[in-house]
Each structure stands twice: as C-alpha cells, then as structure tokens.
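Reader: I am new to this structure and would be grateful for a close look at one part of it. Could you please describe how two packed helices sit together, and then place them in their surroundings?

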Protein chains: 2
Amino acid sequence: MNRLIDLSQKIVDKMDVHPYDDGVKLYQDKFLETDQYNNYKLEIGMHAGTHIDTPMHLLESKSYINEIPLQKFIGRGSLLDVRNEKIIKYKETYDDIVKKDDIVLLLTGYSEKYGTDTYFNNHPVIDEELANFFVEKQIKMLGVDLPSPDEFPFEIHKILFRHNILIIENLTNLFELLSINSFEVIAFPLKIRAEASMVRVIARVK
Amino acid sequence: MNRLIDLSQKIVDKMDVHPYDDGVKLYQDKFLETDQYNNYKLEIGMHAGTHIDTPMHLLESKSYINEIPLQKFIGRGSLLDVRNEKIIKYKETYDDIVKKDDIVLLLTGYSEKYGTDTYFNNHPVIDEELANFFVEKQIKMLGVDLPSPDEFPFEIHKILFRHNILIIENLTNLFELLSINSFEVIAFPLKIRAEASMVRVIARVK
C-alpha cells in the first residue's frame, strides 16, 4: 500500500478566497432528525480553494476542463524547493530534476500564511525565464502553494496556457514531499463544463 | 502509461438530479471580453451527479467526508455484471471475484437511461443478502451505475454504512470494464466538510 499525502485545502463555509472571487457558501439544508437524511449544499466559484486553471480562464478557448484528456491530471511529480524567494527564478539544477510530462510542484512554504491577508495580497511570483523553462520541458501541470504564480496582468499564466500547461493553485503540505524521492501526483478535477475546477490533489509515494 | 477510463457523469447546468434533490446551477459570471477572465459558478447539492455517500448521510455520525482516510478512495477494482436483474442477488461466483478492501462496481447498464425519468424512478435494487456479502468481504466502497442501490427507507445504504462501506452513485461507462482483467479505482472526493461529495471516478487499467 503506497503512502498517500493530501495536498489539498479544505472546502468549508466562508473559506478564504482570492479578493477577485465571491465567497463560498456551504450549509446543511436537510437534517436527519426532521428529513430522515443529512444533505449539504455548496455555492462556489471555480477558483476557490485548491483548483486547476485551464487556458480558457484567460485565453480565447472553447475547451472546457471536462474535455481535457485524463492523462493530463496524473503523472510523475517533481518538487522544486523555492522557499524564501520573492521572485522565483530558474536555477540550472532544475534541469536534472524536471522531466517531460512531469507535474511540477513549487514549495514556497506560503501555504502557512493561508487564512491571512498576506497570503492573497503579497505572495511570491515566478519569472518568465522559469515559466519558459517549464514550457521547454513540456510539463503537464505546474502546482503552487500560492493563490497564483503571478499577479495582474497574469503573463506567467498566459505563457503556460499558450503551451497547454495547466496550473494548480492553493496547494498545501508540500513540505511533506521534501523527504521523498519519488512520487506520483493524482489530481483529477470534477468532470464539469467550466474553465477550471476544484480538485483533490494527492501525492502517492512510490 | 496505463489506460484511464472515465466512469463519471458530466456536471452541467440543470443536469438531471434525484427527485429529492434541488436543481444544479452552473453559469458563467465573468467574461474574458469585459472582465479580462472567464469564471464559472456552481450551486449544487452533494448528491448530484457522480458522488460518494458516507454514513453521515443516513446515520448519526459526526465524521465528515474530508476526515475519512484517503486509502478508502483508491484500491483494487472488481466488476460484477448484474445486467437484466431487477432485484440484484448474491451469486456464489462473486465469492472468487470480490476480495477484501476492493472497490466493487456493479454493472447494471442503467446508466444508458440517465436523462430519463425511468433512471431515477424505476431502477434495480440490491437485496440484503448481497449487501451482507459485501459487509463480510469488508470492501471499501460499492459503486453503482444507478441513482441508488435501494429505495426508501434505504436499508441497503444503512447496512453498508453501519460497516463503514461507502457508496458511489451515478457511475457510467462501466461496460468498458467488461473486457478488462485488472484495474484500480481512483475516486478521491473533494476535501469538503459535508456528508457526501461530487467525485471524478477513474478506472486505471493495470
């Protein structure tokens, strides 16, 4: 049995979301005692919590996330330790770590600030050289423990999207991968006709 | 690269739901041309589309789905072909097919009726002997291409729940597994503080 590590933030009522986004509502509308069953309802935008962005979020595209081939959402994981970098830059050592079709995770450590204003309003960003390195390597997805790998006007998003690299935002627990040699990332989004989707992201230790 | 088979129904606006459930709303609220990004919002109950039920749905329980250990949601899959049975009963051959900790999928073929009234109102059910067989085998989850493995008062649900077996409802494409010897089921729900969750269910051919 492989060890499984949960890299996802919890979806709860009134959870913290990006200043651009509407609040999340999660509430119980049926109760065992009176209705004979419990039921919860959810009102949520596609960019709350841990989620996957696709090109349609920022580019002219008619390809919804439910139409993207499943192989995109599962694959060899690689971790880059980028703690304490305000602007995250390319380093030569990454060339050996990152392989074609990887799902690359950036450990900034910023998930520790989740729940504070700093998390959304003053986070590290990656530079264009590093984004272009991911493009060259033809990775499947880039995952970050940040609300976004960049800020308005979101040029890093667009570089990745133009090359069909998806972005996982609001990851957590990435520090648990530091001691691990080899892992697979499993991150199948909902089969939803939208430009993005909430997702449970799991690292499976090999 | 293992072949991946999608066993999930699509989440769309006004999708068909169980008569007990409120309708689903999925709509675009931000548009690239005017807002510089696309965004969809979703209003949904936890039992719409392909989803996992936990004991809290029908029993006194304070264990939310986000608290259930991850190993419950991934495991060896086994398929039982139960097409053309109105009451689905135990058969001796199942004893060799089903192993401890399996995620057992029942192919009724009823997903072909998804989108019609018949699907929700006149579907096959499983009997207590078969439910008790799953309990004895200590399976992890039971998945069905039906809205439910039973009808009110949901005694089959309760037998399974009392033994901590979860239920995946509204699966599809199970016929694709008929020709496959060995597969893994991957069905991680959202990390949501609720009694159930939408889920993307994937069979990974071994």
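Author: What follows is an account of the helix pair H4 and H5, taken up in each chain in turn, with some notes on the surroundings. The model is a predicted one.

Two packed helices are described by the angle between their axes and the distance between the axes. In chain A, the pair consists of H4(A), residues 128-137, and H5(A), residues 155-162. Their axes come within 9 Å and cross at roughly 15°. Angles under 35 degrees count as roughly parallel, and H4(A) and H5(A) are therefore roughly parallel to each other. The crossing in which H4(A) passes H5(A) is right-handed.

The residues that meet can be named on both sides. H4(A) contributes Glu128(A), Ala131(A), Asn132(A), Phe134(A) and Val135(A), while H5(A) contributes Glu155(A), Ile156(A), Ile159(A) and Leu160(A). Sorted by class, this contact comprises six nonpolar, one polar and two charged residues.

Burial in H4(A) involves residues of that contact and others besides. The buried residues of H4(A) are Leu130(A), Ala131(A), Phe133(A), Phe134(A), Val135(A) and Lys137(A). Directly after H4(A) comes Gln138(A), whose phi is positive, at about 55°.

Chain B offers the corresponding pair. H4(B) and H5(B) pack at an angle of about 15°, and their axes are 9 Å apart. H4(B) and H5(B) are therefore roughly parallel to each other, and H4(B) passes H5(B) in a right-handed crossing. On the side of H4(B), the contact is made by Glu128(B), Ala131(B), Asn132(B), Phe134(B) and Val135(B); on the side of H5(B), by Glu155(B), Ile156(B), Ile159(B) and Leu160(B). By class, the residues of this contact divide into six nonpolar, one polar and two charged.

H5(B), residues 155-162, is mostly covered, with six of its eight residues buried. Those six are Ile156(B), His157(B), Lys158(B), Ile159(B), Leu160(B) and Phe161(B). The helix H4 (128-137) of chain B is one part of the cover, which also includes strands S4 (51-53), S8 (125-126), S9 (141-144) and S10 (166-169) of chain B. Just after H5(B), Asn164(B) has a positive phi of about 65°.

Two loop residues may be added to the picture. Thr108(B) lies in the loop between strand S7 (103-107) and helix H3 (117-121) of chain B. Its relative accessibility is 8%, so Thr108(B) counts as buried. Residues up to four places away in sequence aside, Thr108(B) touches Val82(B), Arg83(B), Asn84(B), Ile88(B), Pro124(B), Asp145(B) and Leu146(B). Of these, Ile88(B) is 20 residues away along the chain, and its C-alpha atom is separated from that of Thr108(B) by 8.9 Å.

In chain A, His18(A) is located in the loop between strand S1 (4-6) and strand S2 (25-30). At 17% relative accessibility, His18(A) also counts as buried, since the limit for that term is under 20%. Apart from neighbours within four places in sequence, His18(A) is in contact with Phe120(A) and Pro147(A).

Finally, the two chains meet each other. In chain B, 54 residues are in contact with 54 residues of chain A. Between them the chains bury about 5,100 Å², of which 59% is on carbon and sulfur atoms. On the chain B side, Tyr40(B), Lys191(B) and Arg200(B) lose the most area to chain A, together 16% of what that side buries.

Conventions. Residues numbered from 1 in each chain as written. Chains lettered and ligands numbered in written order. Predicted model: local features only at pLDDT ≥ 70, side-chain atom pairs only at ≥ 80, totals over all residues. Heavy atoms only, no water. Buried < 20%, exposed > 50% of the residue type's maximum accessible area, 1.4 Å probe, protein only. Helix = DSSP H or I, 4+ residues; strand = E, 2+ residues; numbered from the N terminus. Axes fitted to C-alpha atoms, helices over the stretch in contact; angles between N-to-C directions. Parallel < 35°, antiparallel > 145°, perpendicular 65-115°, else oblique. Left-handed = near helix turned anticlockwise from the far one by under 90°. Contact = heavy atoms within 4.5 Å. Nonpolar A, V, L, I, M, F, W, Y, C, P; charged D, E, K, R; others polar. Buried area = accessible area lost by both parts, 1.4 Å probe.
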